[in-house]
Amino acid sequence: MLNSRIPGRNFLFVPGPTNLPDRIVRAMSVASEDHRSPTFPDLVKPLFPGLKKVFGTEKGHAFIFPASGTGGWEAAITNTLSPGDKVLAQRFGQFSHLWIDLCKRHGLEVVVQEREWGTGNDPELIEETLKADKNHEIKAVLATHNETATGVTSDIAAVRRAMDNAKHPALLFVDGVSSVASLEFKMDEWGVDVIVSGSQKGFMLPAGLLLMAASQKAVDAGKSNSGRRAYFEFRDMIAQNANGYFPYTPSVPLLYGLKESLSILFEEGLDQVYKRHHHLAEGCRAAVAAWGLKCCAKEPKWNSDTVTAIVVPEGYDAAKVIETAYKRYNLALGAGLSEVAGKVFRIGHLGDLNELMLLGAIAGAEMAMLDNGIKVTPGSGVAAAQAVYRANPMLKM
Ligand code: PLP
């Protein structure tokens, strides 16, 4: 138990869970209700067209499972593949690694291509590998749209082009846990078969809902594969959802929260949501440059608009910066994971966020670095971000 109250709000700048808008908190404050009542479908049914819009699909099926993003990795593979099937995955961060690990635990044969952390998917290598797979043994390509561990965004349209150039029939599975509802996602246009996301990032909700979508091709693959699943069976969900119900007990408050989340996203407009995330991220990157530090993303083309991973100078421990930020300034920064533990700290800039909120986090990170002896010029990061924000207002007046 804390022995003293910390006044003011905690500055939550991990890349998920993100801030809950007050509107969502209020929307979730509901009494329990019967999830088999005749009126329950009035709440449930409109959620699917809303989700499909965010995923960029008209043809696909949207799903709401009571789970988190990790469950979506499992749902994707068990609904479509059989143990022993080959999948192709490139590893360049902790989340692409964990999906590979989950596939192996399910008995899939993973063709793993190592990429430097700080880079993302290499479509040319994917194309070359698929062209060489003359017998079409590779059944799916796994791609992490936004690698949250390193702050790297990959070009999913380019991955699809690579697959098409190779004339390969593999399914395309995408992890969009830290991209969907913050970065543009076009499931149909990019020919994505399964897109996995979660409630606690761009959707501005608590964790607890696995939000995903699957193409008809992916759903049909479940008729003949031998992957074991029960809880995550797409076809059970589709059948029940068609009537506005679920095969098991849903979290009713989270569904009210999702309804509000979709309203908030559409009120702002998805295009503006994406522009805002880019704008906020540009300020954060300007701060990093002004500190004389580097992003973990190796080149600007990899920069993520939802999270920036900042490399601390050699000889300093990023974990100490994170600890100071938390204990001294009530600011939660994201930790470096696995290979980059102690080397980077992360500022999440996604969800319900504006310029002044992010400037607060940049100021806090700057102070925590100074407190740990990292020689950045006081105020330099904040000033650089302010200049970006003043030059290019996020909202039209
Ligand atoms: N994929 C990415 C890119 C993530 O950032 C995360 C979590 O941060 C996950 C998957 C795992 O999602 P969850 O923690 O919701 O299971």
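Tutor: A polar contact is a pair of N or O atoms within 3.5 Å, and inside the protein one atom must be able to donate a hydrogen and the other to accept it, while residues adjacent in sequence count only if both atoms are side-chain atoms. This is a predicted model, in which local features need pLDDT of at least 70 and side-chain atom pairs pLDDT 80 or more, whereas totals for chains, interfaces and linings use all residues. Residues are numbered from 1 along each chain as its sequence is written, and side-chain values use heavy atoms, with hydrogens and water left out.

Student: What makes the pair formed by the side chains of T324 and N372 a polar contact?

Tutor: The side chains of T324 and N372 come to 2.9 Å, and because the limit is 3.5 Å, the pair qualifies. T324 sits in helix α12, residues 318–329, where a helix is a DSSP run of H or I with at least four residues, a strand is a run of E with at least two, and both are numbered from the N terminus. Setting aside residues up to four places away in sequence, T324 also touches Y329, A368 and D371, a contact being heavy atoms within 4.5 Å.

Student: Why is T324 called buried?

Tutor: Its relative accessible area is 17%, and buried means under 20%, exposed over 50% and partly exposed in between, with a 1.4 Å probe and protein chains only. The value of 17% therefore puts T324 in the buried class.

Student: How do you know which class K259 belongs to?

Tutor: K259, in helix α10 (residues 252–268), has 45% relative accessibility, so it counts as partly exposed. Leaving aside neighbours within four places in sequence, K259 is in contact with L43 and L47.

Student: What makes R346 a residue to look up in UniProt?

Tutor: An unreviewed UniProt entry lists R346 under "binding site"; such positions follow the numbering used here, feature names are shortened, and annotations may be inferred rather than shown by experiment. In the model, R346 lies in strand β14, residues 344–348, and its relative accessible area of 7% makes it buried. Beyond four places in sequence, R346 touches several residues, among them F13, P15, T148 and L337.

Student: How do you know that the side chain of R346 reaches the backbone of T148?

Tutor: The side chain of R346 comes to 2.8 Å from the backbone oxygen of T148, and because that value is within 3.5 Å, it meets the distance limit for a polar contact.

Student: What places T148 among the residues around the ligand?

Tutor: A residue is near a molecule if one of its heavy atoms lies within 4 Å of it, and T148 is listed around the ligand, as are others including S68, W73, D175 and K201. An N or O atom in the side chain of T148 is 2.5 Å from an oxygen atom of the ligand, so T148 passes the 4 Å test. For S68, a polar side-chain atom lies 2.5 Å from a ligand oxygen, and for K201 the side-chain distance to a ligand oxygen is 2.8 Å.

Student: Why is the aromatic pair of F63 and F234 called stacked?

Tutor: Rings of Phe, Tyr and Trp (its six-membered ring) pair if their centres lie within 6.5 Å, and planes under 30 degrees apart count as stacked, over 60 as edge-to-face and the rest as tilted. A search of the whole structure finds eight aromatic pairs. In the pair of F63 and F234, the centres are 4.5 Å apart and the planes differ by 15°, so both tests are passed and the word stacked applies. F63 lies in strand β2 (residues 61–65) and F234 in helix α9 (residues 234–241), so the pair ties together parts 171 residues apart in sequence. F63 has 0% relative accessibility and is buried, and F234, at 1%, is buried as well. Ring pairs also link F63 and F234 with F65, Y231, F232 and Y248 into a cluster.

Student: What makes K53 count as lying over the face of F266?

Tutor: A charge sits over a ring if NZ of Lys or CZ of Arg is within 6 Å of the ring centre and within 35 degrees of the ring normal. K53 is 4.2 Å from the ring centre of F266, so the distance test is met.
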